[in-house]
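Student: Could you take me through one part of this model in some detail? I'd like a close look at the core and the residues packed around it, with enough of the overall picture to place them.

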Amino acid sequence: MEISIPDQAVFLGVRFKLLAVEYLLRTRLSTNSSLKLSLDFESLELNAHTPLASFADAISALLQQQLRSQIIDPRKRNLLALIGPMQGGYLGS
């Protein structure tokens, strides 16, 4: 995916696997698409001076917390378990 980043801008991104967008962001996206989230997405309060490690720790903790509260359709989990080795994995337990 190609994007343009203006001068003086900071770009932080998260790459999700198949079911993650549906279960964690509660939306659907087509393959190789993007979704611009607000700077205060889920109260993360990110800015241009946020260190990458801090961003990674914060988004990881948030997504893990959300994942623990989800009930994932077992049919989708089974489907991803079958195709995961071919296309790079599935949403964890």
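**The core and its surroundings**

Tutor: Reading from the N terminus, the elements of the protein chain go α-α-α. That's three helices and zero strands. Keep in mind that this is a predicted model. Mean pLDDT for the protein chain is 75, with 84% of its residues at 70 or more. Confidence is highest in helix 2 (residues 52-68), at a mean of 83, and lowest in helix 3 (residues 74-87), at 75. Where pLDDT is low, the coordinates shouldn't be read in detail.

Now for the part you asked about. The largest nonpolar core has 15 residues, and Leu19, Leu24, Phe41, Leu44, Ile59, Leu62 and Ile72 are the ones with the most contacts inside it. Helix 1 and helix 2 each put at least two residues into this core. Helix 2 is the biggest giver, with five residues. For some context on burial, 23% of the 93 residues in the protein chain are buried. As for how the chain comes together, take the contacts between residues at least 6 apart in sequence: 54% of them join residues at least 24 apart.

Let's stay with helix 2 for a moment, where Gln66 sits. Is Gln66 buried or exposed? Its relative accessibility is 7%, so Gln66 counts as buried, the cut-off being under 20%. Setting aside neighbours within four places in sequence, Gln66 is in contact with Leu24, Arg26 and Glu42. Leu24 should ring a bell, as one of the core residues with the most contacts.

Next, helix 1, which is where you'll find Val21. Val21 has a relative accessibility of 11%, so it's buried too. Not counting residues up to four places away in sequence, Val21 touches Phe16, Arg26, Thr27, Arg28 and Leu29. Arg26 is worth a second glance here: it appears among the contacts of Val21, and also among those of Gln66 in the list above.

From Val21 you can step over to Leu35, in the loop between helix 1 and helix 2. The two are 14 residues apart along the chain, and their C-alpha atoms are separated by 9.9 Å. Leu35 comes in at 41% relative accessibility, so it counts as partly exposed, whereas Val21 is buried. With neighbours within four places in sequence left out, Leu35 is in contact with Leu25, Thr27 and Leu29. Thr27 and Leu29 also turn up in the contact list of Val21.

Thr50 belongs to that loop as well, between helix 1 and helix 2. At 18% relative accessibility, Thr50 is on the buried side, because the limit is under 20%. What does Thr50 contact, once neighbours within four places in sequence are set aside? The answer is Glu45 and Phe55. There's also a long step back along the chain to look at: Thr50 and Val10 are 40 residues apart in sequence, yet 9.6 Å apart in space, C-alpha to C-alpha.

Moving on to the charged pairs, a search of the whole structure finds one salt bridge. Asp73 forms it with Arg75, and the closest N and O atoms are 2.7 Å apart. The two partners differ in how they're covered. Asp73 has a relative accessible area of 17%, so it's buried, while Arg75 reaches 63% and therefore counts as exposed.

Finally, the outside. The protein chain exposes about 7500 Å², and carbon and sulfur atoms supply 52% of that. Part of the surface is a nonpolar patch made of Ile3, Ile5 and Phe11, with about 290 Å² of accessible area together. Ile5 lies in the segment before helix 1 (20-24). With 44% relative accessibility, Ile5 counts as partly exposed, because it falls between the 20% and 50% limits.

To pull that together: a nonpolar core of 15 residues, with helix 2 giving the most to it, a single salt bridge in the whole structure, and a nonpolar patch of Ile3, Ile5 and Phe11 on the surface.

Methods: Residues numbered from 1 in each chain as written. Predicted model: local features only at pLDDT ≥ 70, side-chain atom pairs only at ≥ 80, totals over all residues. Heavy atoms only, no water. pLDDT = per-residue confidence, 0-100. Helix = DSSP H or I, 4+ residues; strand = E, 2+ residues; numbered from the N terminus. Patch = residues over 30% accessible without salt bridge, like charges linked within 9 Å, V, L, I, M, F, W, Y side chains within 5 Å. Areas by Shrake-Rupley, 256 points an atom, 1.4 Å probe, with all protein chains shown as cover. Salt bridge = Lys/Arg side-chain N within 4 Å of Asp/Glu carboxyl O. Buried < 20%, exposed > 50% of the residue type's maximum accessible area, 1.4 Å probe, protein only. Contact = heavy atoms within 4.5 Å. Core = buried A, V, L, I, M, F, W, Y, C linked by side-chain atoms within 4.5 Å.
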